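This report is an introduction for a reader who has not met the structure before. Please keep the sequence and the 3D view open while reading.

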Amino acid sequence: MKEIVPAPPAIVRNDYESIRELFTRNVVPSYGRFELVLSHGAGSYVFDVAGKRYLDLGSGIAVCCLGHAHPAITEALVEQSKKLIHVSNLYFTEPQGRLAAELVKRIGAGKVFFANSGAEANEGLFKLARKFGHDEGRFEILTATNSFHGRTLAGIAATGQDKVKKGFEPMTPGFRHIPYNDLAAARAALSPATVAILIEGVQGEGGVTPATPEYLLGLRALCDEKKLLLLMDGVQCGHYRTGRFQSFQKILEGVPGGEKFLPDGLSMAKSLGGGFPIGAFWVRAPYADLLSAGTHGTTYGGTPLACAVALKVLEVLDRENLAEQAVKLGGWLKAEIERLAKTYPTVVKGARGMGFILGIELMEKIPAFAASDKTAALQFTNRLHAAGVLTVPAGSQIVRLLPPLNLKLEEAAEGISKIEEVIKGLV
Ligand SMILES: *Cc1c(COP(=O)(O)O)cnc(C)c1O
């Protein structure tokens, strides 16, 4: 496999090795990184330091929703940085106010707080829930097994996967996990201390599992009945990836009562800044003033620069009708993955997800993978690298496709043909 790539010129090989060496010596080794050193990108493609081109179907884990080096993002960065990059939240600035209004318009009546990442946005939701239940002594938040909510101390307590908690005990108290898409289990798990339920509309890290419409509507009714906050983590599945601004809007499309559905709090990040770091959470109107002056804050949150970029991303998504593109091309991609599952049943088990949050589910025992103790998802991803495609593994069996929303049909077709090539090599 290695030898498909011609040996790069000596000087380039030095780049690769010297950059790897910088990491080995100086960067905390908390990531299991792929052996790729990337240097630049253009649209749906990125290039490594040897000049090899990769079709980026992961977009930096659902972040670069307009692909790489988009001129509108570059222009927003340059223009806003000439005016004002940062002043702190001691003052009002126009981009933050305008971005909040754009998000409220797309979600529902409420208000927005700006942070810098997904984990931080979720931290804000945890604080909102604690504030909400404080006078009654309620503080417990139920989250789903296989969920992912970030790597801060409360984030790993909220995340329903043991691997993120291991070695960092004791866990922040006040989180318990319930099986996803199981309404009866949610009801049965409630305690007098429960104050909120937090779920992803589509579980991303957990392996691309959408919530069912019945689960969303059922949780809404349960939370209303028991005076709980219904919180949603839209960090990965939000921002039009499913074809609607938020996944619950897509999941509940055409479902009776669905158009009225709103959570009480919603976190966002990843695609929000199209690659520039920004996070946010939205709070539904009745609770929008719970976090009063002095109760929550962050120095960087909602800088004019981050907000100007996020506004530009929304403008381009609207102008180019990219939500529709995610539905159409995502549907095409999913059908192609289903075709691959039919054609190569010993390798591909099936397709998961919707829009541009998709999963290729691999079979449990692929003979070609038996020699290595790496997961099937990792080995498949590595072979795709050799073929010139970037994807993101989820768990041991699932390879995620999280393409930029402006992916073109011929790029999607190129991706599928290279994925098929890799599959053929495994049969
Ligand atoms: C990525 C992710 C987070 C964490 O976001 P960071 O920006 O990495 O802190 C939280 N929730 C979900 C669903 C995510 O996919």
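The text below treats the nonpolar cores, then one helix and the strands beside it, and finally a histidine in a loop.

The model is predicted, and its description can begin with the interior. The largest nonpolar core has 97 residues, and within this core Leu 103 and Phe 380 are the residues with the most contacts. Helix α11, which spans residues 304-319, gives the most to this core, with nine residues. Because domain 1 (40-56 + 321-424) and domain 2 (72-319) both give residues to this core, it lies between them. Apart from its neighbours within four places in sequence, Phe 380 is in contact with a set of residues that includes Leu 362, Phe 369, Val 399 and Ile 419, and Val 422, Ile 423 and Leu 426 are also among its contacts. A second, separate core has 18 residues, among them Ala 129, Ala 154, Phe 175 and Leu 229. In soluble globular proteins, nonpolar side chains tend to be buried together.

Leu 103 leads on to helix α4, since it is one of the buried residues of that helix. Helix α4 covers residues 94-107 and has 14 residues, and the distance from its first C-alpha to its last is 20 Å, close to the 20 Å expected at 1.5 Å a residue. Besides Leu 103, the buried residues of α4 are Pro 95, Leu 99, Ala 100, Arg 106 and Ile 107. These buried residues cover an arc of only 130° around the axis, which puts them on the same side of α4, whereas Glu 94 and Lys 105 are exposed on the other side. The partners against which the buried residues of α4 pack include α3, α10 (247-251) and α11, together with the strands β4, β11 and β12. After α4 comes Gly 108, whose phi is positive, near 160°.

Strand β12 has six residues, of which five are buried, so this strand is largely enclosed by the rest of the structure. Its two pairings are set out here.

| Strand paired with β12 | Sense | Bridges | Residues opposite each other |
|---|---|---|---|
| β4 | antiparallel | six bridges | Lys 111 and Val 283 |
| β11 | antiparallel | four bridges | Met 268 and Ala 280 |

Elsewhere, His 68 lies in the loop between α2 (59-62) and α3 (71-83). Is His 68 buried or exposed? With a relative accessible area of 17%, His 68 is buried, because buried means under 20%. Leaving aside its neighbours within four places in sequence, His 68 is in contact with Gly 41, Ala 42, Gly 43, Tyr 45, Val 46 and Asp 56.

Technical notes: Residues are numbered from 1 along each chain as its sequence is written. This is a predicted model: local features need pLDDT of at least 70, side-chain atom pairs count only at pLDDT 80 or more; totals for chains, interfaces and linings use all residues. Side-chain values use heavy atoms; hydrogens and water are left out. A nonpolar core is a set of buried Ala, Val, Leu, Ile, Met, Phe, Trp, Tyr and Cys residues joined through side-chain atoms within 4.5 Å. Buried means under 20% relative accessible area, exposed over 50%, partly exposed in between (1.4 Å probe, protein chains only). Helices (H or I, at least four residues) and strands (E, at least two) are DSSP runs, numbered from the N terminus. Domain bounds come from an automatic or database domain assignment. Contact means heavy atoms within 4.5 Å. The expected span of a helix is 1.5 Å times one less than its number of residues. The arc is that of the directions from the helix axis to the C-beta atoms. Two strands pair if DSSP finds at least two bridges between them.
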